[in-house]
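Thanks for asking me to look this one over. Here are my notes, numbered so that you can follow along with the structure open beside you.

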Amino acid sequence: MIAAELMPAHSSPFDAVAAEYDSTFTTSAIGRLQRDAVWRELRKCFRAGERILDVGCGTGADAQFLAEHGMHVLVCDNSEPMLRQAEKRIE
């Protein structure tokens, strides 16, 4: 389960790239390698049923991974457009 809370955000450098971030980075070769390395470490640290705060969640790729492995995730990000992308991923 993923929960998202919108808080007033200031302009972030990621605002301008949020809509394309997954297609230009997350799913790129280097992005996949990074995600795989992060997810290996997350699997070592967290277990199903645990509650996790994902600060700087971006488009929510890690939050989605954690939720798919049974964790409860609250996401937040300084970039409202990135948080909107995370909400789309949650839906």
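1. Let me begin with glutamate 80, which is partly exposed because its relative accessible area is 35%, between the 20% and 50% limits used for that class. Please keep in mind that this is a predicted model. Arginine 84 is also given a relative accessible area of 35%, so it counts as partly exposed too.

2. The side chains of Glu80 and Arg84 meet in a salt bridge, at 3.0 Å from N to O. Both residues belong to helix H4, where they sit four residues apart, or about one turn of the helix. An α-helix has 3.6 residues a turn, so residues three or four places apart point the same way. The pairing does not stop there: Glu80, Arg84 and Glu87 are linked in a network of salt bridges.

3. Which residue does arginine 89 meet in a salt bridge? The partner is aspartate 22, with 2.6 Å between N and O. Arginine 89 lies in helix H4 and aspartate 22 in helix H1, so this pair ties together parts that are 67 residues apart in sequence. Arginine 89 is partly exposed, with 26% relative accessibility.

4. Helix H2 has a salt bridge that is worth a look as well: the side chains of Asp36 and Arg32 meet at 3.0 Å, N to O. These two are four residues apart in helix H2, so about one helical turn separates them. Aspartate 36 is partly exposed at a relative accessible area of 32%, and arginine 32 is partly exposed at 32% relative accessibility. Over the whole structure, a search finds six salt bridges.

5. Now for helix H2 as a whole. This helix runs over residues 29-45, which makes 17 residues, and spans 25 Å from its first C-alpha to its last, close to the 24 Å expected at 1.5 Å a residue. Where are the buried residues of H2? Gly31, Arg35, Trp39 and Leu42 are buried, and they lie on the same side of H2 because they cover an arc of only 65° around the axis. Helix H1 (18-26) and helix H3 (61-68) are among the elements that cover these buried residues. On the other side of H2, Ala29, Ile30, Leu33 and Lys44 are exposed.

6. Alanine 18, in helix H1, is a good residue to click on. With a relative accessible area of 2%, alanine 18 is buried. Leaving aside residues up to four places away in sequence, alanine 18 touches Thr59, Pro81, Met82 and Gln85. Its C-alpha is separated by 9.7 Å from that of alanine 86, although the two are 68 residues apart along the chain.

7. Is serine 79 buried or exposed? Serine 79 is buried, since its relative accessible area is 0%. This residue is found in the loop between strand E3 (72-76) and helix H4 (80-90). Not counting residues up to four places away in sequence, serine 79 touches Ser12, Phe14 and Asp15.

8. Last, a point about the surface. Leu53, Val55 and Leu74 form a nonpolar patch there, with about 280 Å² of accessible area together. Leucine 74 is found in strand E3, and its relative accessible area of 31% makes this residue partly exposed.

How values were computed
Residues are numbered from 1 along each chain as its sequence is written. This is a predicted model: local features need pLDDT of at least 70, side-chain atom pairs count only at pLDDT 80 or more; totals for chains, interfaces and linings use all residues. Side-chain values use heavy atoms; hydrogens and water are left out. Buried means under 20% relative accessible area, exposed over 50%, partly exposed in between (1.4 Å probe, protein chains only). Contact means heavy atoms within 4.5 Å. The expected span of a helix is 1.5 Å times one less than its number of residues. The arc is that of the directions from the helix axis to the C-beta atoms. Patches are made of residues with over 30% relative accessible area and no salt bridge: like charges are joined within 9 Å, nonpolar side chains (Val, Leu, Ile, Met, Phe, Trp, Tyr) within 5 Å. Accessible areas come from the Shrake-Rupley method with a 1.4 Å probe; for residues, only the protein chains shown count as cover. A salt bridge is a side-chain nitrogen of Lys or Arg within 4 Å of a carboxyl oxygen of Asp or Glu.
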